[in-house]
Amino acid sequence: MAAKSTEALNAKSSKIIELYGWDLLLGTIAAFYVFMVPYTKVEESFNVQAMHDVIYLRHHLEKYDHLDFPGVVPRTFIVRLVLGFIILSTLRFFRIEVRRKFGHQVEAFFVILTAIQFHLLFYCTRPLPNILALGLVNLGYAFWFKGSFLAALRCLTLATIVFRCDTLLLLGPLGLELLLTKSVSLWEAFKCCVSSALIGVGFSVLVDTIMWRRILWPELEVFWFNSVLNRSSEWGTHAFHWYFTSALPRSLLSAYPLCVLGVFVDRRSLLYILPVFSFVLLYSKLPHKELRFIIGSIPMFNLSAAIAASRIYNNRKKKAWEWIYFIMIGSFVVSLGCTVITFMASYENYPGGYALKALHQIGHSNNTTYQWVHIDSFAAMNGISRFCENDFPWRYSKEEGIAIEEFQYRNFTYLLNEHSSIDGFKCLFAVNGFSKIYLQMRFPLIVLLKEPKVFVHGNLRNQDVAKSQWAGCP
């Protein structure tokens, strides 16, 4: 009886590992990134502040951060209603359909390639509109593979209307392919997309009109700002080919050449790659480019790469394939090394958050009077959110437009900013941030160069600051 119980337990454990092992691997990596790099950048600031306000301020809408610092374009408050939506669960849904269509081996390589890449698992926990849209994109891919074509169109339509208007560039090519292959009729597609759009617009306008205190459909304003006015170019531009020559190689790593090979070794993959490739190609026309804009393409490119990797693995014992298999394994190792280096650079890329944490730890928190901390735009954009704030006696200001010579006449106890010297204040310490990667002809071959990024200053009128023995700034 004991032996049978042990066998049953082992069988059950094996079944659990088989069902959830890949999820555990990807989830562990994503959780590691969260705990090691808890701070956020400026792109995430709106949704992070929104989370803070909902949790701590609740119905006191007049105190919400976005009313004082609305940003360049409004972002939808519907993100606050979907915080429990886990991106990796939608990726799992897609992966299960990959397994059903291409087999366990392709699924395994899909997970391995995703795990040794940095950006998808790092960003999947980041509160960006692109990532919220990615959840619906993953669902759309899964429904597409499953044959539920109208459900796929519905997911992409909602992603376009509510979270990222640029998902239209994916919806268009995919919908066109479904029409050309007669997977759906024009009338069915029209009814599905229009009804989903009306639901999305209605929900978005209802919620965001209340939260922003004006009649508003955020993604319409985003579309007008970015596409019609082309104002996004003010944040920098890249060449037309940048996504194909920089963003995708960095995000896909070894999967980049493999995804091209996958199109040739399995003709089925071309039908799935073509709309996604068209999405990136169409997006390339917008001068302002960021990797996160096309992050929805990564799962599908990884699938094509996994198909190629599976074919190489199956033919590894044939003479013509031996060296290809050896090169592929070597590329996996190189990809893992690149991911480690990218993680180390990202770890050092939030000097504002580290500076405020250090100030809290060694500041005069036992003081009975308020300790006013001014946070400039640079520090706020590089790691500081309202989740970083402490209770009494700490108070914080993000007031913008203060001239550097005016600080000495203000009543701030501490300043966190990008200036190394400010009249009336003593530079207490500086926090280094990532600068660039340096290659050298000795060990270690790759060095991460850091330099002072955020400086913490104390008001000289404060006796504690004047008498303190701080290390000072470089």
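The legends below describe close-up views of one predicted model. Residues are numbered from 1 along each chain as its sequence is written, and side-chain values use heavy atoms, with hydrogens and water left out. Because the model is predicted, local features need pLDDT of at least 70 and side-chain atom pairs count only at pLDDT 80 or more, whereas totals for chains, interfaces and linings use all residues.

**View 1. The nonpolar cores.** The largest nonpolar core (a set of buried Ala, Val, Leu, Ile, Met, Phe, Trp, Tyr and Cys residues joined through side-chain atoms within 4.5 Å) has 97 residues, and F94, M300, L303 and L416 have the most contacts inside it. Helix α15, residues 298-314, gives this core its largest share, 10 residues; helices here are DSSP runs of H or I with at least four residues, strands are runs of E with at least two, and both are numbered from the N terminus. A second, separate core has 11 residues, including V79, C155, V162 and F163.

**View 2. The second largest pocket.** This pocket, an open set of points on a 1 Å grid over the protein atoms alone where a 1.4 Å probe fits, with protein on both sides within 12 Å along at least five of seven lines, has a volume of about 890 Å³, the volume being the space filled by probe spheres set on the points. Its lining consists of 28 residues (those with an atom within 4 Å of a point), and H119, Y123, R250, S346 and N349 lie nearest the centre. By class, the lining has 15 nonpolar, 6 polar and 7 charged residues, where Ala, Val, Leu, Ile, Met, Phe, Trp, Tyr, Cys and Pro count as nonpolar, Asp, Glu, Lys and Arg as charged, and the others, Gly among them, as polar.

**View 3. Helix α16.** The largest share of the lining of the second largest pocket, 5 residues, comes from α16. This helix has 29 residues, so at 1.5 Å a residue it should span 42 Å, which agrees with the 43 Å between its end C-alpha atoms; the expected span is 1.5 Å times one less than the number of residues. In α16, the buried residues (under 20% relative accessible area, with exposed over 50% and partly exposed in between, for a 1.4 Å probe and protein chains only) include M328, F332 and S346.

**View 4. L170 in helix α9.** L170 is found in helix α9, residues 168-180, and counts as buried because its relative accessible area is 2%. The C-alpha atoms of L170 and L282 are separated by 8.9 Å, although these residues are 112 residues apart along the chain.
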